[in-house]
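This report covers the fold, two helix pairs and a few single residues. Look at the chain first, then read on.

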Amino acid sequence: MEGPTPVSALIHAATMVTAGVFLFLRLSYLYVLTINVVIFIVIISVLTTLFAGTVALVQNDIKKVIAYSTCSQLGYMITACGLAFFSGAFFHLVCHALFKALLFLGAGSIIHSLADEQDVRRMGGLAQIMPISFFTFTLASLNLMGFPFTSGFYSKDFLLEAFYSHNSSIGFFAYF
């Protein structure tokens with residue numbers, strides 16, 4: 001997180017998030033054999049989703065908000081892996097990598113134009129000054145929150161549907 005914002009975008013979209021979840025997907029044959037490990041994975045990942053999303057709400061640094069929301073999205077993906085819904089986890093991984101990279105690049109554009117200011121409390125009224133950055137950042141934010149007819153909507157809905165249809169108490173916990 002301490003690097004330049006374009007580097008953060010590349011690290012988040014191409015390596016850090018992708019490598020961790022992809023490794024989890026590749027090792028799925030190991031942990032699906034034991035129910036206790038699966039329950040542990042789902043509980044920790046659901047709590048991570050909730051905690052990181054809550055922490056993102058109270059951050060003032062624009063890059064930290066995006067980074068904590070990444071942790072929250074990772075919780076969705078790992079929960080899907082824990083419930084053996086690997087195709088949904090991979091689908092959300094690809095969608096997430098694209099809109100998260102767009103968010104970081106938009107944040108970099110904003111930070112650069114504001115002379116390295118990263119505090120969101122000091123930002124505002126940038127839609128008139130930076131219309132292209134505003135449009136791309138808004139589009140990526142809509143994807144992140146799962147706005148209807150965006151890739152984030154379809155991938156998150158796909159995951160929530162799988163959690164609901166798991167027909168177990170741990171699936172219900174993940175869905176709830």
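A residue counts as exposed when its relative accessible area is over 50%, as buried when that area is under 20%, and as partly exposed in between. The model is predicted. Aspartate 116 has a relative accessible area of 63%, so it is exposed. Its place is the loop between H5 and helix H6 (126-129). Its phi is near 65 degrees, which is a positive value in a residue other than glycine.

Alanine 84 also belongs in a loop, the one between H4 and H5. It is not a glycine, yet its phi is positive, at about 60 degrees. With a relative accessible area of 44%, alanine 84 is partly exposed, because that value lies between the two cut-offs.

Isoleucine 39 sits in a helix, H3 (residues 35-57). Its relative accessible area is 31%, so isoleucine 39 is partly exposed. In sequence, 104 residues separate isoleucine 39 from asparagine 143. In space, the two C-alpha atoms are 29 Å apart.

The three residues line up as follows.

| Residue | Element | Relative accessible area | Class |
|---|---|---|---|
| Isoleucine 39 | helix H3 | 31% | partly exposed |
| Alanine 84 | loop between H4 and H5 | 44% | partly exposed |
| Aspartate 116 | loop between H5 and H6 | 63% | exposed |

**The chain as a whole**

What does the secondary structure come to? The chain has nine helices and zero strands. Read from the N terminus, the order of elements is α-α-α-α-α-α-α-α-α. The radius of gyration is 17 Å, close to the 16 Å that the globule rule gives for 176 residues, so the chain is as compact as a globular protein of that length. Along the principal axes, the C-alpha atoms fill a box of roughly 55 × 30 × 25 Å.

Of the 176 residues in the chain, 41% are buried. Contacts between residues 24 or more positions apart make up 69% of those with a separation of 6 or more.

**H4 against H8**

Helix H4 (residues 62-82) packs on helix H8 (residues 151-164) at an angle of about 45 degrees. Their axes are 10 Å apart. That angle makes H4 oblique to H8. The crossing of the two is left-handed.

Which residues meet here? From H4 come Gln73, Tyr76, Thr79 and Ala80. From H8 come Lys156, Leu159 and Phe163. By class, the contact holds four nonpolar residues, two polar and one charged.

**H5 against H7**

Helix H5 (residues 86-113) and helix H7 (residues 131-145) cross at roughly 145 degrees. Their axes come within 9 Å. H5 passes H7 in a left-handed crossing.

The H5 side of the contact consists of Phe99, Lys100, Leu102, Leu103, Gly106, Ala107, Ser109 and Ile110. They meet Ser133, Thr136, Phe137, Ala140, Ser141, Asn143 and Leu144 in H7. How do these residues divide by class? Eight are nonpolar, six are polar and one is charged.

Asn143 links two parts of this account. It belongs to the contact of H5 with H7, and its C-alpha is 29 Å from that of isoleucine 39.

Definitions and conventions
Residues numbered from 1 in each chain as written. Predicted model: local features only at pLDDT ≥ 70, side-chain atom pairs only at ≥ 80, totals over all residues. Heavy atoms only, no water. Axes fitted to C-alpha atoms, helices over the stretch in contact; angles between N-to-C directions. Helix = DSSP H or I, 4+ residues; strand = E, 2+ residues; numbered from the N terminus. Parallel < 35°, antiparallel > 145°, perpendicular 65-115°, else oblique. Left-handed = near helix turned anticlockwise from the far one by under 90°. Contact = heavy atoms within 4.5 Å. Nonpolar A, V, L, I, M, F, W, Y, C, P; charged D, E, K, R; others polar. Rg over C-alpha atoms; globule rule 2.2 N^0.38 Å. Buried < 20%, exposed > 50% of the residue type's maximum accessible area, 1.4 Å probe, protein only.
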